[in-house]
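Me: Got a minute to go through this one with me? I'd like to start with a single residue and then zoom out.

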Amino acid sequence: MLKLLTVSFWRLLACISLLLGLIGVVLPGLPTVPFLLVSAWSAGKGWPRLELWLLAHPSFGPPLKRWREHGAVPRKAKYMALGMMSLSVVMLLLSPAPFLLKLLLPPFLCCVAIWLWRRPEV
């Protein structure tokens with residue numbers, strides 16, 4: 001019973017992540033590859049056929065393989081991520097969001113940007 005619940009959890013996570021990734025293909029601002037990374041990872045734990053399909057897919061497979069083999073992020077994706085994070089910070093600062101959020105989110109996103117730019121670009 002526990003194994004069935006575990007496999008069901010990983011499959012559900014893989015499906016939700018895949019769905020969000022596919023929505024990100026057509027919706028600007030919603031990233032595709034991070035959701036596909038989560039989908040492939042979780043599928044590997046509970047749905048190996050989906051994992052293999054994702055890795056063999058002509059569009060989704062190459063970035064997933066680059067990440068798995070080298071931890072690589074293309075330069076274009078780095079620029080896009082940096083632009084979206086910058087836009088998010090500007091929108092946050094102009095919004096009536098709580099002060100604590102305005103105080104904590106920009107340094108966090110700065111750390112994410114530093115980490116991202118330190119990734120290889122294979």
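Me: Ser39 first: buried or exposed?

Reply: Keep in mind that this is a predicted model. Ser39 is buried, because its relative accessible area is 0% and the cut-off for buried is under 20%.

Me: Which helix is Ser39 found in?

Reply: That would be α2, which covers residues 33–46.

Me: And which residues is Ser39 in contact with, leaving aside its neighbours within four places in sequence?

Reply: Ala14, Ser17, Leu18, Leu50 and Leu54.

Me: OK, over to Leu12. Buried or exposed?

Reply: Leu12 is exposed, since its relative accessible area comes out at 52% and exposed means over 50%. Leu12 sits in helix α1, residues 2–26.

Me: Which nonpolar surface patch does Leu12 help to make?

Reply: One of about 790 Å². Leu12 shares that patch with Ile16, Leu19, Leu20, Leu22, Ile23, Val25, Val26 and Leu27.

Me: Zooming out, how many helices and strands does the protein chain have?

Reply: Six helices and zero strands. Read from the N terminus, the order is α-α-α-α-α-α.

Me: What box do the C-alpha atoms fill?

Reply: Roughly 45 × 35 × 25 Å, taken along the principal axes.

Me: What share of the residues is buried?

Reply: Buried residues account for 26% of the 122 in the chain.

Me: And the accessible surface, how much of that belongs to carbon and sulfur atoms?

Reply: The chain's accessible surface is about 8400 Å², and 75% of it belongs to carbon and sulfur atoms.

Me: Back to contacts for a second. Taking pairs at least 6 apart in sequence, what percentage join residues at least 24 apart?

Reply: For the protein chain that figure is 57%.

Me: Last topic, pockets. How much space lies in the largest one?

Reply: About 1000 Å³. The largest pocket is lined by 31 residues, and those closest to its centre are Pro31, Val33, Pro34, Ala77 and Ala81.

Me: Which elements give two or more residues to that lining?

Reply: α1, α2, α4 (61–70), α5 (75–94) and α6 (99–117).

Me: Which one gives the largest share?

Reply: α5, with seven residues.

Technical notes
Residues numbered from 1 in each chain as written. Predicted model: local features only at pLDDT ≥ 70, side-chain atom pairs only at ≥ 80, totals over all residues. Heavy atoms only, no water. Patch = residues over 30% accessible without salt bridge, like charges linked within 9 Å, V, L, I, M, F, W, Y side chains within 5 Å. Areas by Shrake-Rupley, 256 points an atom, 1.4 Å probe, with all protein chains shown as cover. Salt bridge = Lys/Arg side-chain N within 4 Å of Asp/Glu carboxyl O. Helix = DSSP H or I, 4+ residues; strand = E, 2+ residues; numbered from the N terminus. Buried < 20%, exposed > 50% of the residue type's maximum accessible area, 1.4 Å probe, protein only. Contact = heavy atoms within 4.5 Å. 1 Å grid on protein atoms, 1.4 Å probe; cavity = no way out; pocket = protein on both sides within 12 Å on 5 of 7 lines; lining within 4 Å. Points joined across faces, edges and corners; volume = space filled by probe spheres on them.
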